[in-house]
Amino acid sequence: MKKTINKAAVLGSGIMGSRIACHLANVGVKVLLLDIVPRELNETEKSKNLTLEHPAVRNRIVSDSFKAAVSAKPAPLYHKDLVDLISLGNFEDDMPGIADCDWVIEVVVENLEIKQKVFEQVEKYRTAGSLITSNTSGIPIHLMIDGRSDDFQKHFCGTHFFNPPRYLKLMEVIPTEKTDPEVVDFFMQYGDKFLGKTTVLCKDTPAFIANRVGIYGIMKVVKTMEDLGLNIDEIDKLTGPVIGRPKSATFRTSDVVGLDTMIKVAANLYQSLEQDEARDVFKLPESIIKLEQKNWLGDKTGQGFYKKTKDEKGKTKILTLDLGTMEYKPKSKANFATLDGTKSIENVKDRYKILLAGEDKAGEFYRHSFFGLFQYVSNRIPEIADELYRIDDAICAGFGWEVGAFETWDAVGVQEVLPRMEAMGYKPNAWVYEMLENGCSSFYQIDQGTKKYYDLESKSYREIPGRGDLIILDNLRSTSTLWENKEASLFDLGDGVLNLEFHSKMNTMGSGVIEGINNAISTAEKDFLGLVIGNQGANFSAGANLGIVFMYAIEQEYEEIDLMIRQFQNTVARARFSSVPVVVAPHGLSLGGGCELTMHADQVQAAAETYIGLVEVGAGVIPGGGGTKELTLRVSDRMQNGDVEYNALQNTFMNIATAKVATSALEARDLDILRPQDQISINKDRQIADAKRAVLALAEAGYTQPVPRTDIKVQGKGGMALFLAGITGMKMGGYISEHDAKIASKLAYTMCGGDLSYPTEVSEQYLLDLEREAFLSLTGERKTLERIQSILTTGKPLRN
């Protein structure tokens, strides 16, 4: 289907509708957001003598919902200006506007009768051939098209987003028997390439795939918790990052999403799944029913499994609910010998065998929850999906799991755990035994860099469709690794392009990463067309390894710190001045040194979800790896005269001095961290492949090695005087500490070019020397060491 989505209508402006509208705007789609007309005036409207016919009243519901959405945290929009792409209206006055829309998505209340009435109106005004979908999370899709025209039915399916739509990657596509296959193919590709989603084709079964399996997993956890006498704090410790699940784990996630949502889905599943062998798992336990009766539904009602309160000093405290007494108590620390055995294991998959072998309550919990999950997903094929990878894709993208159910089973050994599963009453489906008998020992395998899944119908491994143009580094590890150390690996991506991956803790940039960057560039310059620097971990890089800086500073080894800074500056500069194109692909946290490396690439291929900035001031120093120099250079390039120049320099100074971090790649352009020529990947899964194409494009265009600049205009003492006046005023007003003022003065001195009498053009090396000297001098300050120590021990900077 050759179709472009230029404009879409979103019908329903609640939490999901307004945020779906925002995400469509994120990718440049114009949106018409509609909702119902109020039936009575509120007190504010009465005080203004407005009538029910006044436009502001008629659009009040949609206006209030949209205002709440755009002011929410985390933000649903990549950039505040994207709000201009969304226009508001109501069903009665503005439904004819859908005639101009390529896609109409219904997001009204979960009531079939109401949805059918909305679709009756849509039928009147839509243009033939336009796409219509529903975001329902549970109502059977086929029931919605009763009485609709053939063209409507042909172009209709379910498109189920997960909340919040910007951040959760899943979009389930649910066709009916009458949906045109081309429509299904279009949404599978559009969701992937344009909306940045993991698109999963689902059958029209209760709760589709992700909620069916995800809610089973949650309810199984609750049941196992009660059976073993565990508490909420212990469960959230056991079901969080240690097993590759979100930090919010089970109960904190429920509070954020809303317990009423989980209750509704679980109750609907219990009612509709009469043939499900695990139906009783979905039955709500008494503790959950009591929470619903008390309206303790989580963040939306102020308390749920957790409750925020303040102590006598006004400090926020988080209390945990005791499900036995229904009273809130101070959080308790969860201690399990089983967890202690995994502390040194970085790869989450390598932890699973240890967790399942645990001899304490934690081990017993993991055996019940994992084995129950393995049994459940094996029994859901072919009921909810014909292919097992769809279940893993859905649960990972919808619930934020790092490892899917079948992938987890592979990690512990399919055959190896069968006897224990059987002994505990979790015997899997017969097809699993048949798979093993056919000599297939795992659900997935990597074949020449391609991930394949076990296909039940053919009884063989098949390539996962739609991923032929993706580059997954894990799939290349055994066949395409050219070099590696403990912190970095160099891959051959083919077609003359290399990729350097970081895999240190938080991908911090220590000696191993520095060695990797230099080795990668040298190798590329010798035998290849170019280099990508990118990884597929949770974050690109949290910055320099502060532990090394702290160690040298404590020992007063300032020559070592000076050498370390020089080496880092030289390494970052190699990315800019190599003889082959270097493309850096930041995503997630890209802070400090990670940001500096990014800014020195020939081109950046940033993920849309990139949180990037120079945060060194929080550690008591200024950016010393070229970041201060580079932003000063960019101000010089942008501005040409007088006052405007000072204003631009001041804005950049404030961004560094306040450690401002962009919360998207689009915001990074505002901060001058990304340039107009830098590109953005909406789908992070495609980022490395996009970066490889960028390298090839630069090489094919006749890449020329850049030369260091000598024409950077700095303001000298005149600019410095203005900065010092502002810094002194801030300090005297009590807005910043004396140490903050010292850091800010060092930063201003560097950005203004040091001790120059008047505006002068200087070289990159001149500014690099100034920023290195400033960084080095600040590491000798006691308060800087206190800040670094605080970051290393608590993860937060000390404000001293």
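**View 1. Enclosed cavities in the predicted model.** In this predicted model, the structure holds two cavities of 30 Å³ or more. The close-up is centred on the second largest cavity, for which a volume of about 60 Å³ is computed. Its lining is made up of Gly613, Leu614, Leu631, Asn655, Ile656, Lys660, Leu671 and Ile673. Sorted by class, the residues of this lining comprise five that are nonpolar, two that are polar and one that is charged.

**View 2. The second largest pocket and the helices that line it.** The second largest pocket contains about 470 Å³ of space and has a lining of 23 residues, among which Phe653, Met654, Ala657, Ile727 and Ala744 lie nearest the centre of the pocket. Three helices, namely H27 (642-657), H30 (716-732) and H31 (738-751), each supply at least two residues of the lining, and H27 gives the most, with seven residues. By class, 15 residues of the pocket lining are nonpolar, six are polar and two are charged.

**View 3. The three-stranded open sheet.** Strands S20, S22 and S23 form an open sheet in the order S20-S22-S23, and the pairing within this sheet is mixed. Strand S20 (588-591) and strand S23 (661-662) stand at the edges and have a single partner strand each, so one side of each is left without a neighbour in the sheet. Strand S22 (residues 610-613) pairs with S23 in the antiparallel sense, over two bridges, and in this region Ile612 stands opposite Ala662 of S23.

**View 4. The seven-stranded open sheet and its first hairpin of strands in the listed order, S15 and S16.** The second open sheet shown here has seven strands in the order S15-S16-S17-S18-S19-S21-S24, and the pairing is mixed. At its edges are strand S15 (481-484) and strand S24 (679-681), each of which pairs on one side only. Neighbouring strands of this sheet are turned against each other by 20° on average, when direction is ignored. S15 and strand S16 (residues 488-494) run antiparallel and are joined by three bridges, and the bridge partner of Glu484 is Ser489 in S16.

**View 5. Helices packed on the seven-stranded sheet.** Helix H22 (residues 511-527) packs on the sheet and touches S15, S16, strand S17 (497-502) and strand S18 (530-534), while the direction of H22 makes about 180° with that of S17. Helix H29 (residues 687-700) also packs on the sheet, where it touches S16, S17, S18, strand S19 (582-585), strand S21 (603-607) and S24, and the direction of H29 makes about 165° with that of S21.

**View 6. The crossing of helices H9 and H12.** The axes of helix H9 (residues 210-228) and helix H12 (residues 259-272) come within 10 Å and cross at roughly 105°; the two helices H9 and H12 are therefore roughly perpendicular to each other. On the H9 side, the contact involves Asn211, Arg212, Ile215, Ile218 and Met219, which meet Met262, Val265, Ala266 and Leu269 in H12. Taken by class, the contact of H9 with H12 has seven nonpolar residues, one polar residue and one charged residue.

Methods
Residues numbered from 1 in each chain as written. Predicted model: local features only at pLDDT ≥ 70, side-chain atom pairs only at ≥ 80, totals over all residues. Heavy atoms only, no water. 1 Å grid on protein atoms, 1.4 Å probe; cavity = no way out; pocket = protein on both sides within 12 Å on 5 of 7 lines; lining within 4 Å. Points joined across faces, edges and corners; volume = space filled by probe spheres on them. Helix = DSSP H or I, 4+ residues; strand = E, 2+ residues; numbered from the N terminus. Nonpolar A, V, L, I, M, F, W, Y, C, P; charged D, E, K, R; others polar. Pairing = 2+ DSSP bridges. Axes fitted to C-alpha atoms, helices over the stretch in contact; angles between N-to-C directions. Parallel < 35°, antiparallel > 145°, perpendicular 65-115°, else oblique. Contact = heavy atoms within 4.5 Å.
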